[in-house]
Amino acid sequence: MVASMLAADEVNMVIKLPPPCIQKPAALWSGKQIFSLILRPNPGNRIKVNLRTKGKEYSKKNEEFCINDGFLLVRNSEVLAGCVDKSTIGSGSKINIFYVLLRDYGEDFAIQAMWKLCRVASYYMMNRGFSIGIGDVTPGKTLL
């Protein structure tokens with residue numbers, strides 16, 4: 001899944017996998033670890049995103065220990081707590097991951113992160129049997 005984020009000029013990029021968060025019965029990595037690799041694939045990368053924000057499911061108490069996992073905490077490009085949802089990934093506000101990338105590191109790094117996320121999401125949906133119909137991708141009359 002992590003290898004799917006590599007394409008074009010990033011094919012030779014070194015990715016350092018963190019240790020799996022689940023060791024037994026099989027080595028498994030979490031979505032938080034995968035998303036952290038999208039932001040910072042190896043320790044030599046200079047991108048260090050820091051963000052504390054409320055997600056859609058925030059229960060209005062206990063921030064990092066929110067029972068709904070609704071408070072996103074990102075330190076040095078590592079997702080420590082929370083769920084990455086529409087409001088935390090880029091909903092048009094100034095408190096989201098892609099805005100912080102754009103503001104602190106420029107448009108090239110933000111675009112690279114968006115492409116990596118797009119490739120990983122596409123790979124995940126292809127391998128889970130997700131499908132769409134032609135009606136889902138046909139533009140509406142307002143776009144024509």
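In this predicted model, the side chains of Arg103 and Asp104 meet in a salt bridge, with an N to O distance of 2.9 Å. Side chains of opposite charge can pair when their charged atoms come close. The structure holds 1 salt bridge. Asp104 has a relative accessibility of 41% and therefore counts as partly exposed, since that value falls between the 20% and 50% cut-offs.

A look at helix H3 gives this pair its setting. The helix covers residues 97–105, and its buried residues are Ile97, Phe98, Val100, Leu101 and Tyr105. Viewed down the axis of H3, these buried residues fall within an arc of 160°, so they line one face of the helix. The pattern is a familiar one: an α-helix has 3.6 residues a turn, so residues three or four places apart point the same way. Several elements contribute to the cover over the buried residues of H3, including the helices H1 (31–39), H2 (86–90) and H4 (107–127). Strands S1 (51–54) and S2 (71–75) are also among the covering elements.

Both ends of H3 are worth a visit. At the N-terminal end, Asn96 acts as the cap, placing a side-chain oxygen 3.4 Å from the backbone nitrogen of Phe98. After H3 comes Gly106, which has a positive phi, near 95°.

For the wider context, the UniProt record (an unreviewed entry) places the feature "domain: RNA polymerase Rpb1" at residues 15–137. Across residues 15–137, helix accounts for 39% of the chain and strand for 11%, while the end C-alpha atoms of this stretch lie 33 Å apart.

Notes:
Residues numbered from 1 in each chain as written. Predicted model: local features only at pLDDT ≥ 70, side-chain atom pairs only at ≥ 80, totals over all residues. Heavy atoms only, no water. UniProt positions renumbered as here; feature names shortened; annotations may be inferred. Helix = DSSP H or I, 4+ residues; strand = E, 2+ residues; numbered from the N terminus. Buried < 20%, exposed > 50% of the residue type's maximum accessible area, 1.4 Å probe, protein only. Arc of directions from axis to C-beta. Contact = heavy atoms within 4.5 Å. Polar contact = N/O pair within 3.5 Å; in protein donor to acceptor, adjacent residues only side chain to side chain. Salt bridge = Lys/Arg side-chain N within 4 Å of Asp/Glu carboxyl O.
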